[in-house]
Amino acid sequence: MPAVDRRRQSGGRAWAVTALAVSLGGCGSVGDPLPPLLRIPGSVNDLAVSQIAGEIRVEWTWPLLTTEGTLARQIGGFDLWAVDVPGFSNPLAPETIDEYRRHVRTLGPTELAGKEPGNRIVLRTPLADWRLDQLTVLVLTASSPAGRDAGYSNQVRLHPLQPPAEPQWSGLSAVPNGVALFWIASEHAEEYAIERAEGEEGEFASLGRLGTESFVDRTIEWGRTYRYRLRPYRLSQAGWITGLPSPARGLTPRDTFSPEAPEGLRAVRTPASVELSWIPNAETDVKGYRVLRDSADLAGLIETASFSDGTAEPDMAYAYAVVAVDEFGNESEPSAALRVAAMPQ
């Protein structure tokens, strides 16, 4: 019995040693502990600023990643800084920003509730918070919960000015080539965007910008309803300042305008007919022509700029004229009359 117990004890010790060796081999060697993540958000690189009427709007995107490549979910906040240095030029050195910057605003976790990496952040401040006619550089820092940041964002320029006044309409009417718009020059406005919406519920889209107080919209369709509004712009040293739009004005233009009278009427007399031709009208909506002989309509509406009068008597003289007719039934004045003599006997 004692011998058996010794073998069991020896086998048990061997099994324990073997198990320990396997266990240590599977786990590998124990290294130094990893340092905690710093969670510093990456720098903002799409900071933008604009003045819209009496509001300064600053926008940027919450960085997706930290400086360590992890998702930047935890953030201490965003700090907006301004540098008012006369005679500066972009870009400012970080040391210059450090020396002259002033703090504008902090957006912390409370203001950022509901936002996450990749979201667009918009900060709106009243124009009264800024010094008019002061050229300023803005930068942003994004800090970790511990208050550390990866440096300044891209730099943007701001030059607050009194915004252009709301435009006032002076006329809106249909004209032969479209819809004519007229308005009174707005104080501080240097350009105007013409915005148009179709129907009563359509969204406004810009037709373009110009520096005058009138415009003809040549892209309309007769009988369709349009709404127009004007948006003024003023140029600052940092870019364009947008003013408030005018009230919308609506119109359903209808074509009640006569085409031009046809020109170049010519005639060739033959024993069997009078062959007429003329210059086609330039208007794109002309549908056809009516040929008059001694003021009487010969054939109703024809679509070509020529006509053969096979009913003309050889021994009779006639006076011919042509009337242009558009697709809405508007008729031109008759062309200059052309007298065709009788055939010689």
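# Close-up views of a predicted model

**View 1. D46 and R120 meet in a salt bridge.** The side chains of D46 and R120 form a salt bridge, 2.8 Å from N to O. This pair links distant parts of the chain, 74 residues apart. D46 lies in the loop between α1 (2-27) and β1, while R120 belongs to strand β5. D46 is partly exposed, with a relative accessible area of 27%. R120 is also partly exposed, at 33%. The structure shown here is a predicted model. Side chains of opposite charge can pair when their charged atoms come close. A search of the whole structure finds 14 salt bridges.

**View 2. D309 and R293 form a salt bridge between two strands.** The closest N and O atoms of D309 and R293 are 2.9 Å apart. D309 sits in strand β20 (residues 306-309) and R293 in strand β18 (residues 286-293), so the salt bridge ties together parts that are 16 residues apart in sequence. Are these two residues, D309 and R293, buried or exposed? D309 has 2% relative accessibility, so it counts as buried. R293 is buried too, with a relative accessible area of 19%, because buried means under 20%.

**View 3. Salt bridges join four residues into one network.** R196, E198, D217 and R224 are connected by salt bridges that share partners. Within this network, R196 forms a salt bridge with E198. Their closest N and O atoms are 3.9 Å apart. R196 counts as buried at 14% relative accessibility. E198 counts as partly exposed at 36%.

**View 4. A337 lies in a loop and is exposed.** The loop that holds A337 runs between β21 (318-326) and β22 (338-340). At 65% relative accessibility, A337 counts as exposed. How far apart are the C-alpha atoms of A337 and R293? They are separated by 9.3 Å. Along the chain, A337 and R293 are 44 residues apart.

**View 5. Strand β2 has alternating side chains.** Strand β2 covers residues 55-61. Which of its side chains are buried? I56, V58 and W60 point to one face and are buried. E55, R57, E59 and T61 point to the other face and are not buried.

**View 6. Strand β2 pairs with β1 and with β5.** Strand β1 (residues 48-52) and β2 pair in the antiparallel sense, over 5 bridges. Q51 stands opposite I56 in β2. The hairpin of β1 and β2 has 2 residues between the strands. In this hairpin, A53 takes a positive phi near 55°. How many bridges join β2 to strand β5 (residues 120-126)? There are 7, and these two strands run antiparallel. E59 stands opposite V122 in β5.

**View 7. Three leucines make a nonpolar surface patch.** L64, L65 and L71 form this patch, which has an area of about 270 Å². L64 lies in the loop between β2 and β3 (77-83). With a relative accessible area of 51%, L64 is exposed, because exposed means over 50%.

**View 8. W183 and Y192 form an aromatic pair.** A search of the whole structure finds 8 aromatic pairs. One of them, W183 and Y192, is edge-to-face. The ring centres are 5.5 Å apart, with 65° between the planes. Both W183 and Y192 are buried.

**View 9. The rings of Y318 and Y320 are tilted.** The ring centres of Y318 and Y320 lie 6.2 Å apart. Their planes are at 55°, so the pair is tilted. Both Y318 and Y320 are buried.

**View 10. Ring pairs link W60, W62 and F78.** These ring pairs join W60, W62 and F78 into a cluster. W60 is also one of the buried side chains of strand β2.

**View 11. R209 lies over two aromatic rings.** Which rings does R209 sit over, that of Y233 or W240? R209 lies over the face of Y233, at 3.8 Å from the ring centre. The charged end of R209 also sits over the ring of W240, 4.7 Å from its centre.

Conventions:
Residues numbered from 1 in each chain as written. Predicted model: local features only at pLDDT ≥ 70, side-chain atom pairs only at ≥ 80, totals over all residues. Heavy atoms only, no water. Phe/Tyr/Trp six-rings, centres within 6.5 Å; stacked < 30°, edge-to-face > 60°. Buried < 20%, exposed > 50% of the residue type's maximum accessible area, 1.4 Å probe, protein only. Lys NZ or Arg CZ within 6 Å of the ring centre and 35° of its normal. Helix = DSSP H or I, 4+ residues; strand = E, 2+ residues; numbered from the N terminus. Pairing = 2+ DSSP bridges. Patch = residues over 30% accessible without salt bridge, like charges linked within 9 Å, V, L, I, M, F, W, Y side chains within 5 Å. Areas by Shrake-Rupley, 256 points an atom, 1.4 Å probe, with all protein chains shown as cover.
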